Amino acid sequence: PQIVEGKIISLVAIIGIVINATSALLFFKNKEKDINIKGAYLHLMTDVLVSFGVVIAGVIIYFTHYFWVDTLVSFILAIIIVFSTWQLLMDSIRLALDGVPPGIELENVKQTILKNPFVVDVHHIHIWGLSSNQTALTAHVVTANNDLQQFEKAKHDIKHSLEHMNIHHATIEVELENCNENCLK
């Protein structure tokens, strides 16, 4: 096995800390708004953490010649990385599987739609993330009124209410209450 040069790896790791920490600061402000920015930020911060671990291992190796410290620090850092990126993995899976984004409750969305006086009932509600910062919804609303102008206003009002719940892409289909096949002709 190669002998680990503690002094050299510590100096290179310090340079890595400075570069990666500076780069991570560029992503810090928007890391909670977009999953891709969060991933880049976590990657850079992980690099900072790894470099810090390398500095510690390098200093210990330089002064004690305990070369096994390099392996120990590597295992500790691997465990820290798994725990620190777990939520990013879960968010990515939810997005890939078209799951309901965090912070959006189906019952709250339903109640918001039902507050509109035009709406008698709502069903077939589907909510999913288009991206980490854009959410879509489809729903069927039932109304007793067949006034087209009132429907357009109600649809506009419903979409506006949903925007306050971070749902910006809504498709609303209207059904008339007590309507059978004959009233659709």
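## Packing, pocket and aromatic pairs in a predicted model

Beyond its neighbours within four places in sequence, Leu137 is in contact with Val109, Ile125, His126, Ile127, Trp128, Leu162, Ile167, His169, Ala170 and Thr171. The model described here is predicted.

Leu137 also belongs to the largest nonpolar core, a set of 15 residues in which Val109, Ile113, Leu137 and Leu162 touch the most other members. Two or more residues of this core come from each of helix 4 (106–114), strand 1, strand 2, helix 5 (148–163) and strand 3 (169–176). Separate from it is a second core of 6 residues, with Ala24, Ile35, Leu44 and Leu88 among them.

The largest pocket has a volume of about 410 Å³. It is lined by 22 residues, of which Asp91, Pro101, Pro102, Ser132 and Asn133 are the closest to its centre. Four elements are named as giving two or more residues to the lining: helix 2 (35–64), helix 3 (68–96), strand 1 (121–131) and strand 2 (134–143). Helix 3 makes the greatest contribution, with 3 residues. By residue class, the lining of the largest pocket comprises 6 nonpolar, 9 polar and 7 charged residues.

The structure holds 4 aromatic pairs. In one of these, the ring centres of Tyr62 and Phe63 are 5.1 Å apart and the planes stand at 85°; because an angle over 60 degrees counts as edge-to-face, the pair is edge-to-face. Phe118 and Phe151 form a tilted pair, with 6.1 Å from centre to centre and 40° between the planes. Phe118 is in the loop between helix 4 and strand 1, whereas Phe151 is in helix 5, so this pair ties together parts that are 33 residues apart in sequence.

The accessibility of the four ring residues can be set out in turn. Tyr62 has 44% relative accessibility and therefore counts as partly exposed, while Phe63, at 64%, counts as exposed. In the tilted pair, Phe118 counts as buried at 6% relative accessibility, and Phe151 is likewise buried, with a relative accessible area of 14%.

Two histidines have a positive phi, a value found here in residues other than glycine. The phi of His65 is near 60°, and this residue is found in the loop between helix 2 and helix 3. His65 is exposed, because its relative accessible area of 55% lies over the 50% cut-off. The phi of His124 is near 50°, and His124 has its place in strand 1. With a relative accessible area of 48%, His124 is partly exposed.

The table brings together the two histidines.

| Residue | Phi | Location | Relative accessible area |
|---|---|---|---|
| His65 | near 60° | loop between helix 2 and helix 3 | 55% |
| His124 | near 50° | strand 1 | 48% |

A further residue of interest here is Ser51, which is found in helix 2. Ser51 counts as buried, at 11% relative accessibility. Not counting residues up to four places away in sequence, Ser51 touches Ala13, Gly16, Ile17 and Asn20. Helix 2 is also one of the elements that give two or more residues to the lining of the largest pocket.

How values were computed: Residues are numbered from 1 along each chain as its sequence is written. This is a predicted model: local features need pLDDT of at least 70, side-chain atom pairs count only at pLDDT 80 or more; totals for chains, interfaces and linings use all residues. Side-chain values use heavy atoms; hydrogens and water are left out. On a 1 Å grid over the protein atoms alone, a cavity is a set of points where a 1.4 Å probe fits but cannot get out, and a pocket is an open set with protein on both sides within 12 Å along at least five of seven lines; lining residues have an atom within 4 Å of a point. Grid points are joined across faces, edges and corners, and a volume is the space filled by probe spheres set on the points. Ala, Val, Leu, Ile, Met, Phe, Trp, Tyr, Cys and Pro count as nonpolar, Asp, Glu, Lys and Arg as charged, and the others, Gly among them, as polar. A nonpolar core is a set of buried Ala, Val, Leu, Ile, Met, Phe, Trp, Tyr and Cys residues joined through side-chain atoms within 4.5 Å. Buried means under 20% relative accessible area, exposed over 50%, partly exposed in between (1.4 Å probe, protein chains only). Contact means heavy atoms within 4.5 Å. Rings of Phe, Tyr and Trp (its six-membered ring) pair if their centres lie within 6.5 Å; planes under 30 degrees apart count as stacked, over 60 as edge-to-face and the rest as tilted.
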